[in-house]
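Reader: I would like to go through this model step by step, starting from its overall architecture and then turning to individual sites. Could we begin once the structure is in view?

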Amino acid sequence: MNPSLSIYDNLGGAEGVRAIIEAFYPRVYKDPLLSPLFPEDMEPVKEKQFMFLSQFFGGPSLFSDAYGHPMLRARHMKFPVTEERAEAWLSCMAGALTDAGIEEPLRSIILNRLSGPAHHFVNTP
């Protein structure tokens, strides 16, 4: 890992972000807490996630260019997000990072960076 580069660049750019997304969503489908929140057709969700994570990790502003300010909490308010679901989401992401071959310390940096937003979305006891 090169600390002078963005997370996006350390991942290898778009290809690295895509690898994470492709490893992440099969885990979401299998998770009993998360799968009910997602549509059957995951392709649009995967594309939005790719666009968002690219931007969030310091790459091009794909999400904002297409949809405006992310307003993530507002966009997730229609879903009952509990602490358990936030942790399940992070667990799926941790597994996806491993599956995509992301090594330490980058793996921990990414999970730490995603932990704040994941818990910020909690809107249901």
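Reader: In what order do the elements of the chain run from the N terminus on?

Author: This is a predicted model, and its chain has seven helices and zero strands. With no strand to interrupt the series, the elements from the N terminus on run α-α-α-α-α-α-α.

Reader: What radius of gyration does the chain have, and how does that value stand against a compact globule?

Author: The C-alpha trace spans about 40 × 30 × 25 Å along its principal axes. For 125 residues, a compact globule would have a radius of gyration near 14 Å, and the chain agrees with this because its own value is 14 Å.

Reader: What percentage of the contacts with a separation of 6 or more comes from residues 24 or more positions apart?

Author: As background, 41% of the 125 residues count as buried, while the chain exposes about 6800 Å², of which carbon and sulfur atoms supply 57%. Among contacts with a separation of 6 or more, the share that joins residues 24 or more positions apart is 65%.

Reader: Which element gives the most residues to the lining of the largest pocket?

Author: The largest pocket has a volume of about 800 Å³. The elements that give two or more residues to its lining are α3 (43–56), α4 (62–67), α5 (72–76), α6 (83–99) and α7 (106–120). The one that gives the most, with six residues, is α3.

Reader: How is the lining of the largest pocket divided by class, and which residues lie nearest its centre?

Author: By class, the lining holds 20 nonpolar, two polar and four charged residues. The lining comprises 26 residues, and those that lie nearest the centre of the pocket are Y25, F38, V45, H76 and F79.

Reader: Which peptide bond is cis, with omega near 0°?

Author: The bond in question leads into P105, a residue found in the loop between α6 and α7. With omega near 0°, the cis peptide bond is the one from E104 to P105.

Reader: Is T82 buried or exposed, and which residues does T82 touch when those up to four places away in sequence are not counted?

Author: T82 lies in the loop between α5 and α6, and it counts as buried because its relative accessibility is 12%, under the 20% cut-off. Its C-alpha atom is separated by 5.1 Å from that of V122, although the two residues are 40 residues apart along the chain. Not counting residues up to four places away in sequence, T82 touches V122, T124 and P125.

Reader: Why does R113 count as partly exposed, and which residues does R113 touch beyond those up to four places away in sequence?

Author: R113 is found in helix α7, and its relative accessibility of 38% makes it count as partly exposed, because that class lies between 20% and 50%. R113 and R85 are 28 residues apart in sequence, with their C-alpha atoms 17 Å apart in space. Leaving out residues up to four places away in sequence, R113 touches I7, F56 and F57.

Reader: Where does G58 lie, and with which residues is G58 in contact, leaving aside its neighbours within four places in sequence?

Author: G58 lies in the loop between α3 and α4, and at 47% relative accessibility it counts as partly exposed. From C-alpha to C-alpha, G58 and A88 are 25 Å apart in space, while in sequence they are 30 residues apart. Once its neighbours within four places in sequence are set aside, the residues in contact with G58 are S6 and Y8.

Note on methods. Residues are numbered from 1 along each chain as its sequence is written. This is a predicted model: local features need pLDDT of at least 70, side-chain atom pairs count only at pLDDT 80 or more; totals for chains, interfaces and linings use all residues. Side-chain values use heavy atoms; hydrogens and water are left out. On a 1 Å grid over the protein atoms alone, a cavity is a set of points where a 1.4 Å probe fits but cannot get out, and a pocket is an open set with protein on both sides within 12 Å along at least five of seven lines; lining residues have an atom within 4 Å of a point. Grid points are joined across faces, edges and corners, and a volume is the space filled by probe spheres set on the points. Helices (H or I, at least four residues) and strands (E, at least two) are DSSP runs, numbered from the N terminus. Ala, Val, Leu, Ile, Met, Phe, Trp, Tyr, Cys and Pro count as nonpolar, Asp, Glu, Lys and Arg as charged, and the others, Gly among them, as polar. The radius of gyration is taken over C-alpha atoms; the globule rule is 2.2 Å times the number of residues to the power 0.38. Buried means under 20% relative accessible area, exposed over 50%, partly exposed in between (1.4 Å probe, protein chains only). Contact means heavy atoms within 4.5 Å. Accessible areas come from the Shrake-Rupley method with a 1.4 Å probe; for residues, only the protein chains shown count as cover.
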